[in-house]
Structures are given as structure tokens and as C-alpha cells.
Amino acid sequence: MFQDSTIAAVATGLTDSGIGIIRISGPEAVSIGDNLFRNASGKPCLKDSESHKMRYGFAVDKNGVVLDEVMAVVMKRPRSFTGEDTVEIQCHGGVLVMRKILEASFQFGARLAEPGEFTKRAFLNGKMDLSEAEAVMDVIRSGNEYALASSVDQLRGNLSEAVKAIRKEILSEIAFIEAALDDPEHISLEGYSARLSLKTENLLGRVKKLLDTADSGRLMKEGISTVILGKPNVGKSSLLNLLLGEDRAIVTDVAGTTRDILEEHINLHGIGFNIVDTAGIRETDNIVEQIGVDRAKQYADKADLILYVADCSVPLEDKDREIMSLLENKNAVILLNKSDLQNVVTEEEMNKMIKDIFPERTIPVIGISAKEGTGIEEFENVVRNLFFEGEFTHHHEIVITNLRHKEALQNSYDSLMMVKNSIENGMEEDFYSIDLTSAYQELGKIIGEEVDDDVVEEIFSKFCIGK
Amino acid sequence: MPEIREKTDVCVIGAGHAGCEAALACARLGLETVIFTVSVDSIALMPCNPNIGGSSKGHLVREVDALGGEMGRNIDKTFIQSKMLNVSKGPAVHSLRAQADKADYSREMRKVLENQDHLVIKQAEVCELLWEEDSNSKKKKVTGVKTFTGAVYECKAVVLCTGTYLRARCLCGESITYTGPNGLQAANHLTDSLEKMGIELRRFKTGTPARMDGRSIDYSKMEEQFGDERVVPFSFSTDPESVQKDQVSCWLTYTNEKTHEIIRANLDRSPIYAGIIEGTGPRYCPSIEDKVVKFAGKERHQVFIEPEGLHTNEMYVGGMSSSLPEDVQLAMYRTVPGLENCKIVKNAYAIEYDCINARQLYPTLEFKNVSGLFSGGQFNGSSGYEEAAAQGLVAGVNAAMSVLGREPFLFDRSESYIGVLIDDLVTKDNREPYRMMTSRAEYRLLLRQDNADLRLRKKGYEIGLISETQYQELLKKEEMIKNEIKRLKETYVGANREIQDFLVSMGSTPLKTAASLAELICRPELSYEVLSEIDAERVILPENVTEQVQIEIKYEGYIARQLRQVEQYKKMEKKLIPTDINYDQVSSLRLEARQKLKLFRPISIGQASRISGVSPADVSVLLVYLEHYNRQQESERGKSSEGL
């Protein structure tokens, strides 16, 4: 009943492009399309058109005014993206033309699709499972090309396939245990726990592998949350401006100009960064600035990456040491800025200080010049190594980019660990099935094979904030 | 022509295990009840196996007892051997099984019925149900029953418990007789009346093995199977001391390649394989023909020789039910070690009968299209005495509730095997006689046979079948369990010499720091019982209390995790689907799902999700629809209250 209406939208995005597609979906789609489209001889023809056959002709409005030369295709339900009767009109990609055709579809009875509504209908009509629907939403909102590639994989069902395979194997173990409980005469559990132990190890490994991609997956999708730290006037804002390619932060020679926190999203050859520039950290009486410093510390706490900028033209001091202590347990890169000036601090000296503060680790040190724009390439390579083991190209491996999926995988992993414990503790076989079942159900949540009303609600609320 | 015309509250048709429980429940709740049977000598007859209980069926008996049913007490009075099965496995699958003296069982149940106030036994075949149509709702309502002799009993509710008697026929190879089990009269008239009311019937079959003259069996070639040394009674109200008595033995032997050869060579003479039988048989209680065909690689199958009673030398040949012709049966049985010279008293046979697809029932076991009409037992497409008794009890209770104008009682999957049984019957597409099995209960660690009273006595009390005294006893037991668990969790023992010596002597690791007694019970090699040595403050508690304490502590983690699964499950059960829902309005349902939902008319989202052909996506659609529907209702209510 809430899907009785027929909806329309520009499916290709309302920006100038080569081709634009107007998609009309719902019970009236064909008759609306029939009104909207005339064939080469000026006759309506979509009503009797074969499904999935391209027709050449013209789009017209209510008054019969020709809007554009177009191709039209009818896709009869359920063989369409939404699973409903659908008409797609391919027109020239000018914003004005697309808008006019869309408006004409409204004249004939369609209404504008809500954000994500095509996807929602596709999901409701069983054309895609939950993870696929979520992937579509990710595509819509995807910030960078790698995140997009991963979403597309999920859309193709790679994640679904991997999860389904694991689930199938878990199910066959549950079934075996239960069959043996029911028919002990014909099905023996002798030696079974040893077999299940091996199987569990294997399943744990596979779930872990998916899980491991979750963090880098999230970073791909959302970008690396990055905080720039350093003493005042070492060139933090200049670095940010360099990365951004524009003068956004106020840069002066007076220490303490950046009073507020700046957040910017940048993309360096496919790696997304959400960069926070902070007020230079120093002891200060200025209250406004003090707030900035506290917040910088908070941001540093939550960040995926900390860039510590030092001015290599002035000697290191205790203050550097103090701020650098914030790098503890954090992915960090140290940038020796102003390499265009006289080098007072060498990389070696910096390494010594790092060794002094963190005897057990190394932190990459790169010389850069924010002013001249040198060292950026090396910086990119270092970050790539830090987060993506050097490989930041997407090899169509499955990458988990969704927090809900990550949670479900984690729960499933935990349950499989419980199975492992039960086997090690010599529990009777029927105990295994409790945790096997939990693992099975959790994985089912990812692909929507287990209905969880929280998820349904979440998904639907998500549909409404998508494009 | 003058005819008998009587008035009563409830009519129960059939006096098997379902009918007895249904009639007793109604009468005990104060309703005037008539129970009809084609033969008073066949009350609570056990026409197949001579035992009550067994894997998962034992759970059902205990649940029936916890709710105030009779089966548990009756077998405690009449058992001749008793055994707790699966004790080497986890507590969820422990199950009690007792051999019954069949004649005794039947006689004792008849005695209970005869002495029950408000209950009348009537030997008569019911041929017709009487009903009327509500002029407003157009819904049928049952008004009475009519017997073969023309007598009419007007009543407010009817419980159908016809078992395997409707249009029954028995098959032994090529020979067919039109009788019910054990040569009893079949009921050939009621089916037409039911069909006229719009009830759909179908045909199922089941079978039973031969009975042999015990004197012709050579037991020296078999393994003797003893009962338990300490017998646990089925009923929570039976004094455990009263069931410690002498027991008889059963005997185990095996089929062999020779047996299988004979069966294979004569399969064309089996009515099932020859296509004479139209009914579908139970996969889980297969005939020996089925086993030989299905487990072709198996060299032998178990055969249990079990006594039918103390005052007969008839022996039941468990595991070898068959519908092969007489001559093949004899040849086949005689290949089994110990049965070489056997004499058959009663041939094995298969029986075919009319029953229903239980999707026509609500979980209350009332027909969806006829109010006041309930059904239980094999008529609903199940198999087994215990399954029958459980349904009979529920159908009887809800028939009584409908007459009394009280709310019906529902049983869900997370609280009892009864709930699993009924939900499976009314929700799933069962194509063969339904047998209870451990694996069907997904929350089985919670649904143990040992805690059936803790799970269900309160419900029995609310229904009115459990007395105040019994209920107070339950509360006392609960209290004792709770307090003892608390004490064990709060009592710490230090890492002192005495404790460490004790632990080492038990093969357990010494303590590093102090530990609670509860923590020690969790160790696989320790138990509540052995810890008595280091538990100075312990007071002696009843065995049924310490059993619960031990299980709840030892398996606490597993129980907690299973409870979380139940929570998830209950969320969906609580989302009720309005009875007047129009599935044609839920536009995005797939066609198959729409058809199934219209057919089953589930009462909740949870039930809907278990219907085969309804996918998770369909359930999501329903969830969204319901949300939408509820909001609409709410805003309408808001409007109308504004109007006031």
C-alpha cells in the first residue's frame, strides 16, 4: 500500500553529462511511459512494447511538445532493478532536458522518488538482500574510488557469497549433531569433536579474514581520520593548505593564529583523509586557545593517524618530547617541515628522540617543505604502507566497509571461539550447537537471512538519508 | 421417532491418549464432559510400542504432568521397567523411558476416567458434527454431535481425538482389512460430516511390528537390557520411593545380511513399495523395509525384544515394523539371532487413516473456520502416544477456556516441547506423521525434562489443573534452588592445605587464590555432590533441588547464551499480526508468500517467519507493513478520542 505510487527520478545524477537516464518505477510506470514517449512515427508504443527492448523516439510533455530525442525501454516486473514495472528514458545529459522530462513524468502521474527509494523497493521486493541494499547506499555516499569499488563488489554479492558459504558449513555441522542426537543408532558422534575442532579452526580463520578487512575497509570508505599536531608556527596549517591545494586555514607568522579546529576531507591518489588541523600545542594563558589545545588532545585520542609536524630549522626541545608522547599507541608519521631552510634537526636526531620516548618502536620520519611542496609523495607511500600494507589498489577481495557487518562478524567469531572452548573443555556435543547456532544467526544478519527488526528499522532509516 | 437428546458442555470424540487428557482436563475444570469411544475396552490403548517416553517424548510426558495431565502418573503406576536414556550426554537430552504393562496402563486410565466427577464415558460411534452459522460473521460454530444410533448430544465445544480410526484400513502384504488398530472397529462416517464443514482431510499411514510368543524366543543369543537401579518417576507428584520395584528385562539383537536379502527380494510385495498405500508414513519411525532401502550400506539394524506386560508372554519386536506379507515376515524374523524358531502371535501391519493438515488450526488447537471445534493427537497428523497426550491436554484446556469464556492458553517454543510440537504442527508443512525429536527444540538446554515443573507448573496452576498445595510446593522448591545457588556463589574457600589436598585428590588443579564453591562446581571434574567434603555449612536438600542447583551453576554460561537467543525469538513472537489483515493489501509480498500467509494466517511475525515459502525479505515487508498499520491505528484512535 505504501508502494502503490509510481516514482520517478533522474537515475544518473542531476549534473551535466553525456547521457541522462530518467527512471520511472511502480504500477503506473508503463502507462506513464506510454504518455511520455512517442516513437519515430509520433505514436505512443510503450504499452505494447516487449520487455527489455530499446525503442527509439521522442519524449513529449502533456501538451505534446517534444522535449528531446530519446531511447526508452520497458522492464516488466519482476525483471527490473526495483522488481516493479519500470520505464527508463535515456536522453541527452543536459540538466535542463532531464529536469523537463522528469517534470513531464509528474504531469502524467508519477511522483518524485524519495532518497534511496528505488533501492528500498528493490529490497522490499526481494531483488536484493540486506548487504546488497546497504552496498547501494554505500555507492551513493561513497567518498572515494576505492570505497566505490568495494561497494560494487558487495553489490555483486561477493560478501553475500562468502558469508553464505560459511553459513552453509556451520549449518551442516548443526544438522549433523542434531541428526546424531535423533538417530544414535545410525549416526555416530565418535571422533566428531576432533573433526569439528579442525572445522572450527577453519571457520574462525575465514571469519577473521573478513573481519580483518573491516578496519581498512572503514578507512577506505570513510577516510583516515587524521590529526596534525605540533608546536605553534611549525607549519601545520601550511601543510594542510598544501594538501588541500587552497588557502583555507589562516596562515600567519604569528604563533597561535589557528584558534579553532579545522576539519577537511582530502583525497590523495585515492586515499581519503579527514584532516583536523589543531591549534599549536603550547602552554598558554589565553583561554580561547586553551580550549583548542584540549580539543586537539581529544582528537588525537580518537584519530587513526597523527601527523606530528616539527620545524627542522629550530632545535628540538622538551615541548616536542611532551607533545610527541601523545603518539603513544597511535599510527603516526613525523614530518620535518621547512626542509627548504637551514636544517638544524636531522632525521637521525629525530629518530634518536623517538627511540628515547618509545624504545620499542619506530616512527617514520619524512622531510618536507610545505612551502615548496616537496616530500608529499614519500608521505603518501608511508601512509599506504601503514594502513594498507602497501597495497591500496582494490583487488576485488571482499572488504567489510559497514559497521553493522563488522559487529555481526565479530559476534559470530566470538561464538565460534565458544565452540572451540567447549570442545577443549570436553563438553558433550549438544552444547556445541548452541554457539554454532549463534554464529549462524549472526552471519545471517549480514545477508538478511535472519530477520532482526532493529536492522530493518536501521536500514529503513538509512534509506532516507541516502541520495 | 423418539430419539435421545442430551445437553452437555464438552464432547470428546475418542478415548485414546489424546482423548483421555482432553476429557480429564475439561471435567477437572468443572465442565460436564462426555467422552465417546467405539469400545470402552480400548481406553488408553497402546496398540504399538509397549513404552511411554523415550528421547524427547519423555520431555513431553513430564510437561503434560507439570500442567496437570494424567499420563505421567498413569505410567508410574503401571511401568515394569524404567530407564533414563542418554545419561552419557548433556542434561538437555536426558530422557526418561518406561516399559508399560499395556493392559494395566489401559485399565488404570479407565479407572481414573470412571472416577472423575463431571465425566461420562459413552461407547458409541460419533457420525456427525452439528453446527450453525453465525448470521453476522458467517463463521461456523459447533453445537453438538450425533451418534450412529441417532442420539444427539448438544454441547458448546467438541474435541476431535479420533487417532487412527477414521476410515482406517490395515495392510499386511496383499491382505487388507477395514479395521482400526488391533482389529478394532473403524469409524467410517465422521469424515463426510467433517468435509461438509469445510475441513480438509488427508491420508497418513503408520505401522507396527509383529508380536511373538515369548516361549519361542532364544534369549541366550541376545543382550539383556536392564532397567535403572534407582528409578526416577515421570510424575512430579509421584513419591520416588513408591516406584522402586522389581523390573523386567528387555533384549537386544540385530538384523543381518540375510534378513536384508529376504526384504529386498520381496519388496514388490510390500504394499508401500507396490503403491497400494496412499498414505505417507513417518520417516523417523521407519519400517524395516524403509531402513533396508534407505541405509543400504548398513550391515545390521537394532532389534529390541520388549515384553507387552506381566500377564502375557507376548513380546514386541521393536525396530522391525513392516507391512510385508505374512510368509515374508516369518522368514525375515527368523533370520534374526534368537528368533530362529519364533512363533508370531500377531502379524506386523501398516494402518492407513484420515487425518488433517494441522495448518487449519490455531495454536490453541481450535479450527480456524469452526469456532468451538478443537482437535488433538494423531488426527492432527502426529504420531506417538506422548505427542497425542500433549495435544489432547492443550485442546481440552482451550476447549474448556472457550466454554468458560476465559482467555486461551498458548505454548511457545521457548517454554516447552509442547510449544514446539504445536507450533511445528500448525505452522510447518508436514507431509508425514509428525514425531517429536530433540533436534526440533532449538532451546533444548532450557527445556530439560528435569525442570518441566519449574517451567510449567505455574501455567498449570493458572489453568486450574494444579492444586494450591502443589503450587506452594513448587514455590518452595524455587526458593530453595535460588538460595542454595546464592550461597554457593558467595561461599569462598581459600587456598589452604585442606582444600588443595581435596582438589588434588579429585584430580583437579590446586587454587591460586580463593574461589567460590560455584566456581569449583564449574570445573568438569567436580560436582555439587563431591564438594560436600569441603562445604561445611551445607544443609541436606532434596535431590530434585540439588539437581537443579548443579545444572544451573555448571552450565550457567550456556544457559545465559541460550536465553539471549530466546530473547531474540520472543521479540518476533510478540509482534502480533491483526487477525483481519488483508494480505492482498501488502503489495510487495512475493506471490508464494502471499498464498502461504493467506493459507496459514499466522498469529505473529515469529510464526510467519517459520512458514516455509515465506522468506526473510517477506518478513521484513510484513514488519514494515505492521509498523505502518499500527501507526495508522494509533492516529485513528487519536482522532476519535479528540472527537470525544
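This is a walk through a predicted model, going from chain A to chain B and then to the nonpolar cores.

Let us begin with an overview of chain A. Its secondary structure comes to 15 helices and 13 strands. Of the 467 residues in chain A, 44% are buried. If you look at contacts in this chain between residues at least 6 apart in sequence, 67% of them join residues at least 24 apart.

A good place to zoom in is the sheet in chain A. It is an open sheet of 7 strands, with the order 3-4-5-6-2-1-7 and mixed pairing. Strand 3 (37–39) and strand 7 (111–112) of chain A are at the edges with a single partner strand each, so one side of each has no neighbour in the sheet. Elsewhere in the sheet, strand 4 and strand 5 of chain A pair in the antiparallel sense, over 7 bridges. Within strand 5, V66(A) is the residue that stands opposite V60(A). Helix 1 of chain A packs on this sheet, where it touches strand 2, strand 3, strand 4, strand 5 and strand 6 of chain A. The direction of helix 1 makes about 30° with that of strand 6 of chain A. When tracing side chains along strands like these, it helps to recall a general pattern: in a regular strand, side chains alternate between the two faces of the sheet.

Between strand 5 and strand 6 of chain A there is a loop that holds P78(A). The peptide bond joining R77(A) to P78(A) is cis, with omega at about 0°.

Now turn to helix 2 of chain A. Helix 2 lies across strand 1, strand 2, strand 4, strand 5, strand 6 and strand 7 of chain A, and runs at about 15° to strand 2. You can check its geometry with simple arithmetic: at 1.5 Å a residue, the 13 residues of helix 2 (residues 95–107) should span 18 Å, and the end C-alpha atoms are indeed 18 Å apart. Which residues of helix 2 of chain A are buried? They are M98(A), I101(A), L102(A), A104(A) and S105(A). Seen down the helix axis, these buried residues fall within an arc of 155°, so they line one face of helix 2 of chain A. Their cover includes strand 1 (7–10), strand 2 (19–25), helix 1 (29–36), strand 4 (54–60), strand 5 (66–75) and strand 6 (86–92) of chain A. Just after helix 2, G109(A) takes a positive phi of about 120°.

Over in chain B, strand 9 makes a handy guide, so to speak, to several pairings. Strand 8 (residues 126–133) and strand 9 (residues 140–147) of chain B pair in the antiparallel sense over 7 bridges, and L130(B) stands opposite G144(B) of strand 9. Their hairpin has 6 residues between the strands. The loop between strand 8 and strand 9 of chain B is also the place of K138(B), which has a positive phi of about 65° although it is not a glycine. Is K138(B) buried or exposed? K138(B) is exposed, because a residue with 12 or fewer other C-beta atoms within 10 Å counts as such, and K138(B) has 7.

Strand 9 of chain B also pairs with strand 10 (residues 152–154) of chain B, running antiparallel to it with 3 bridges; here K146(B) stands opposite V152(B). These two strands form a hairpin with 4 residues between them, and G150(B) in the turn has a positive phi of about 100°. With strand 22 (residues 370–371) of chain B, strand 9 pairs in the parallel sense over 2 bridges, and V370(B) is the bridge partner of K140(B).

Another non-glycine residue with a positive phi, of about 45°, is R167(B). R167(B) sits in the loop between strand 11 (157–160) and strand 12 (169–172) of chain B. With 19 C-beta neighbours inside 10 Å, R167(B) counts as partly exposed.

Finally, consider the nonpolar cores. The largest has 166 residues, of which V10(B), A22(B), V158(B) and V159(B) touch the most other members. Helix 9 (residues 385–404) of chain B gives the most to this core, with 12 residues. Leaving aside residues up to four places away in sequence, V10(B) touches residues including C26(B), L31(B), C155(B), A157(B), V159(B), A399(B) and V403(B). There is also a second, separate core of 38 residues, which includes A300(A), Y308(A), I368(A) and A370(A).

Conventions. Residues are numbered from 1 along each chain as its sequence is written. Chains are lettered from A and ligands numbered from 1 in the order in which they are written. This is a predicted model: local features need pLDDT of at least 70, side-chain atom pairs count only at pLDDT 80 or more; totals for chains, interfaces and linings use all residues. The expected span of a helix is 1.5 Å times one less than its number of residues. A residue is buried if 20 or more other C-beta atoms lie within 10 Å of its own, exposed if 12 or fewer, and partly exposed in between; C-beta atoms are placed from the backbone. The arc is that of the directions from the helix axis to the C-beta atoms. Two residues are in contact if their C-beta atoms, placed from the backbone, lie within 7 Å. Two strands pair if DSSP finds at least two bridges between them. Axes are lines fitted to C-alpha atoms, for helices over the stretch in contact, and angles run from 0 to 180 degrees between N-to-C directions. A nonpolar core is a set of buried Ala, Val, Leu, Ile, Met, Phe, Trp, Tyr and Cys residues joined through C-beta atoms within 7 Å.
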